[in-house]
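The following questions and answers concern the structure shown here. Please keep it in view while reading.

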Amino acid sequence: MAPDVPFDAARVDALLATRSGAARPDGVRDWALSQGGVEVAPLHDKGRVVATELRVPLLAQADLIREVLAEAAALAREAKVRLFDPQLGQVLASSDTERVVEQYTRTEQYARTAPRMEITPGLAEAMDAAARYAPKGPGMSLPLKLILFGAGGFAILYFVMTSLLGQLNGE
């Protein structure tokens, strides 16, 4: 496939349909290989399909990655498209298999050993505190809140106007 040529998703999908696996209603295809399963999904950019994405589960299975790379390379040759690894940032050749396996192994090991991070630090504690909060009594009624708000507004307006009139009178 040459650069700037539109991606032919129909051709890739037709070739995938001949392989083992099944299409799901969400548009993702499960591709069953001998070492395990892989998800194949269209990759969208600005509303159009620009590639097909292979999603390999993060498991300690280097043989699965090797098989996925071999099968994906064969599929790419048949479909006349390129096989690209976004983590390495390059089009893959058969000599790149071990580099991809090493990168996958590092990613899998990090995912397994790294401490879990919260998306929003402190959110869990704040939600627990909010769940434990019990208001004491019924609180103020809405009419009382409105009266107090109005009185406060008039008091602020009175002090601002007094200050402005004092400045105009030269005080």
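Contact means heavy atoms within 4.5 Å. This is a predicted model, in which local features need pLDDT of at least 70, side-chain atom pairs count only at pLDDT 80 or more, and totals for chains, interfaces and linings use all residues. Residues are numbered from 1 along each chain as its sequence is written, and side-chain values use heavy atoms, with hydrogens and water left out.

Q: Which residues does L16 touch, not counting residues up to four places away in sequence?
A: Neighbours up to four places away in sequence are set aside here. The residues that L16 then touches are R29, W31, V40 and L75.

Q: Which element supplies the largest share of the largest nonpolar core?
A: A nonpolar core is a set of buried (under 20% relative accessible area; exposed is over 50%, partly exposed in between; 1.4 Å probe, protein chains only) Ala, Val, Leu, Ile, Met, Phe, Trp, Tyr and Cys residues joined through side-chain atoms within 4.5 Å. The largest one has 22 residues, and L16, W31 and L75 are among those that touch the most other members. Helices (H or I, at least four residues) and strands (E, at least two) are DSSP runs, numbered from the N terminus. The largest share, eight residues, comes from α2.

Q: Why does the salt bridge of E39 and R55 tie together parts that are apart in sequence, and how many residues apart are they?
A: A salt bridge is a side-chain nitrogen of Lys or Arg within 4 Å of a carboxyl oxygen of Asp or Glu, and the side chains of E39 and R55 meet in one at 3.5 Å, N to O. Because E39 lies in strand β3 and R55 in strand β4, the parts tied together are apart in sequence by 16 residues.
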